[in-house]
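Subject: A structure for you to look at

Hello,

I am passing on the structure we talked about, together with some notes on what turned up in it. Please open it first and then read on.

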Amino acid sequence: MIWHVVVAIIIVKLTSAENVYCACAVGNAALYREAGRFETLFAVIPTGMCVQYSNGLEFVTVENTTWISLEYGGHSGFADFSLLSPEVWNGVCPTRLREIRAGGSHCPRIVTREEWGARLPSHTIGHLPEIPQYVFIHHGAGSRCHSEDECAAKVRSYQEFHMVTRGWWDIGYSFVVGEDGNVYEARGWDKIGAHTYGRNTVGIGISVIGDFRTQIPDDAALHAVIQLIACGLNTGKIQTNYIIQGHCDVVPTECPGNAFLDIIKSWPHYHRSNDSHCPPLDELS
Ligand SMILES: [Zn+2]
């Protein structure tokens, strides 16, 4: 009887990935051997890199700056806490820029409708009935863009396509992101979009300009998406228990592309529903 319990505990231990604590740098975070003593600098954690730390996190406040203890490169040191976004991760901490969820209250640059030359909507668009829980990820499925001029032209062409060809009231997405690293305001945080059939009233739709079936968006675009989601969280525009899904998780479509999906699936709030139309997770990458 006791052995059964012991075996059961061991199985649970082996099969459940453990939560680990990670700190992801939202700016270049200098590491000092002693908190607040700048002459003891020994390393810099570059923006976007995540470092795992043990449960015994130590906070030290020196002259209005809070420092946290970290292990990095085999040494322990202290970094300015405002440059690190603490994360609880299921499994191993991500180490690449494209996998972090940036924290803090940072919002990426959002190019307004006026700035990218939007047409007015043809009808008044209704407000989302409540704070959305879902973030649906799309791709434009066309060519890419790497400058603000190029990307703004792409966003205008999306709007034209949605309004003229599709007959919608406005560009369908909530936001569009370019590989120039900018976010382009489409319907925005508060309006009901036309991006994810059947789910438009419960989520926002973010589309990255480009075709990501076999290639991934560049780091600038991925960082902008991650920052936009963090910005939505920090400004109360999406629910804290938000769920990220690809368009294909809801609707039979190749969108947002398998290469892109392979990245999204590692984001902490990604949830694969049972009736997803996306390729099985073990077929990705
Ligand atoms: Zn889509």
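Two residues count as in contact if their C-beta atoms, placed from the backbone, lie within 7 Å. Among contacts in the protein chain between residues at least 6 apart in sequence, those joining residues at least 24 apart make up 70%.

This is a predicted model, in which local features need pLDDT of at least 70, side-chain atom pairs count only at pLDDT 80 or more, and totals for chains, interfaces and linings use all residues. Residues are numbered from 1 along each chain as its sequence is written.

The protein chain has 285 residues, and 37% of them are buried (20 or more other C-beta atoms within 10 Å of a residue's own, with C-beta atoms placed from the backbone). It holds five helices and 14 strands; these are DSSP runs numbered from the N terminus, with at least four residues (H or I) for a helix and at least two (E) for a strand.

Strands pair if DSSP finds at least two bridges between them. One open sheet has six strands in the order E9-E12-E11-E13-E10-E14, with mixed pairing. Its edge strands, E9 (110-111) and E14 (243-246), each pair on one side only. E14 runs parallel to E10 (residues 134-139) over four bridges, and Phe-136 stands opposite Gln-245 there.

Elsewhere, E7 (residues 75-80) has two antiparallel partners to look at. With E2 (residues 29-32) it shares two bridges, and Leu-31 stands opposite Ala-79. With E6 (residues 65-72) it shares six, and Ser-69 has Phe-78 as its bridge partner. The hairpin of E6 and E7 has two residues between the strands, and Gly-73 takes a positive phi near 60° in it.

Best wishes

Definitions and conventions:
Buried ≥ 20, exposed ≤ 12 C-beta atoms within 10 Å, placed from the backbone.
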